[in-house]
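The following note is meant for a colleague who is opening this structure for the first time. Its points are best read with the model on screen.

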Amino acid sequence: MARKRDTGQGAEYSAAEAEAVAQALADAYAEWANDDEPSRVDVRAQVEWAGHVMPANNGKRRTRVDLPASGMKKVRKAVEKVARALGKKSKAKPSSSRKAKGWHAQLRELTEAKNGSAAADRAGLNPSARTLKNWLSDADYPIRSGDRDRIARAYEALKNWNVSEAGDAAAAASKQAAEAMTNAMRDQYGVNVRFRDIDDFTFE
C-alpha cells in the first residue's frame, strides 16, 4: 500500500476517462449488492498516485486500496445519479415537431423557440439585429450560403436539443461520480488517486 505523500495534483479525468470510471463503479456496485459500503477495491489499471504514474507497463498494475465509508456513500449516490441520467439519455429523442424546410422557416422557428438563441450560438449564427430583421422580413432576401448553413446547423441543434441536453447531463454525472471517487481516495490517503485504462475493478 502506498504511503501518504502529496507530490502533485495529477491530471483530471477526460470526459471519456470519467465515463469509464463511472461505468467501472456501477459494475462494481452491481456485483457488490450490499447495503454496506465496500471497504476496499481490488483494481488493475493505470494508477496515478499523487500525480505520479509508474514507468513500468505504462503505469498499469494491480493494487488493493482501502476505501473510507463516508466517502463511498457519496460515491454510491453519485453512481445512482449516473444511472438515472443514462436512463434519461436512452429515452431522449429528437423533437418530432421540428419539420421546417428552408432557411427562412427554420430561422423563424429559431427566433420563436425557447432554446433557439442557444442553438444559434452553438452553430456560430450571430447576425446583427438589423440583418436578422431583414432576413425575417423577406424569404427571398439574398443570404450567403455560409449563413444558410449556420441556420441549418442551428435548426438541427434545436431539433436535437433534448438529446444533446440528456447526453451532457449524463457526461456531467459521470464526471461527478469519478470526482467523488477521487475525493474518497484523497480523504483516505491525502493525495489524488486516479484509475485509467481499467481492466478489473472489484469491491471487497
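1. The model is a predicted one, and the points below should be read with that in mind. A convenient place to start is with the aromatic side chains, since the structure holds four aromatic pairs. One of these is formed by Trp49 and Tyr189, whose rings are edge-to-face, at 4.9 Å centre to centre and with 65° between the planes. Because Trp49 belongs to strand S1 (residues 40-49) and Tyr189 to helix H7 (residues 161-189), this pair ties together parts that are 140 residues apart in sequence. Both partners are buried, Trp49 as well as Tyr189.

2. Another pair to inspect is that of Phe195 and Phe201, whose ring centres are 6.0 Å apart and whose planes stand at 75°, so that this pair too is edge-to-face. Phe195 has a relative accessibility of 2% and therefore counts as buried, and Phe201, at 8%, is likewise counted as buried. These two residues are also part of one aromatic cluster, which is formed by Tyr29, Phe195, Phe201 and Phe203.

3. A charged side chain also meets a ring in this model: Arg194 lies over the face of Tyr13, at 6.0 Å from the ring centre.

4. Which residues of helix H3 (residues 103-112) are buried? They are Trp103, His104, Gln106, Leu107 and Leu110. When the helix is viewed down its axis, the buried residues of H3 fall within an arc of 160°, and they therefore line one face of the helix. The cover over these buried residues includes helix H4 (116-122), helix H5 (129-137) and helix H6 (145-159).

5. Helix H7, already met through Tyr189, also packs against helix H1 (residues 15-32), with axes that come within 8 Å and cross at roughly 70°. Because of that angle, H1 is described as roughly perpendicular to H7. On the side of H1 the contact is made by Ala18, Glu19, Val21, Ala22 and Leu25, while H7 contributes Ser174, Lys175, Ala177, Ala178 and Met181.

6. Lys175 deserves a separate look, as this residue of helix H7 is among those that make the contact with H1. Is Lys175 buried, partly exposed or exposed? Its relative accessible area is 41%, and since the range for partly exposed runs between 20% and 50%, Lys175 is partly exposed. Lys175 and Glu12 are 163 residues apart in sequence, yet their C-alpha atoms are 9.9 Å apart in space.

Definitions and conventions. Residues numbered from 1 in each chain as written. Predicted model: local features only at pLDDT ≥ 70, side-chain atom pairs only at ≥ 80, totals over all residues. Heavy atoms only, no water. Phe/Tyr/Trp six-rings, centres within 6.5 Å; stacked < 30°, edge-to-face > 60°. Helix = DSSP H or I, 4+ residues; strand = E, 2+ residues; numbered from the N terminus. Buried < 20%, exposed > 50% of the residue type's maximum accessible area, 1.4 Å probe, protein only. Lys NZ or Arg CZ within 6 Å of the ring centre and 35° of its normal. Arc of directions from axis to C-beta. Contact = heavy atoms within 4.5 Å. Axes fitted to C-alpha atoms, helices over the stretch in contact; angles between N-to-C directions. Parallel < 35°, antiparallel > 145°, perpendicular 65-115°, else oblique.
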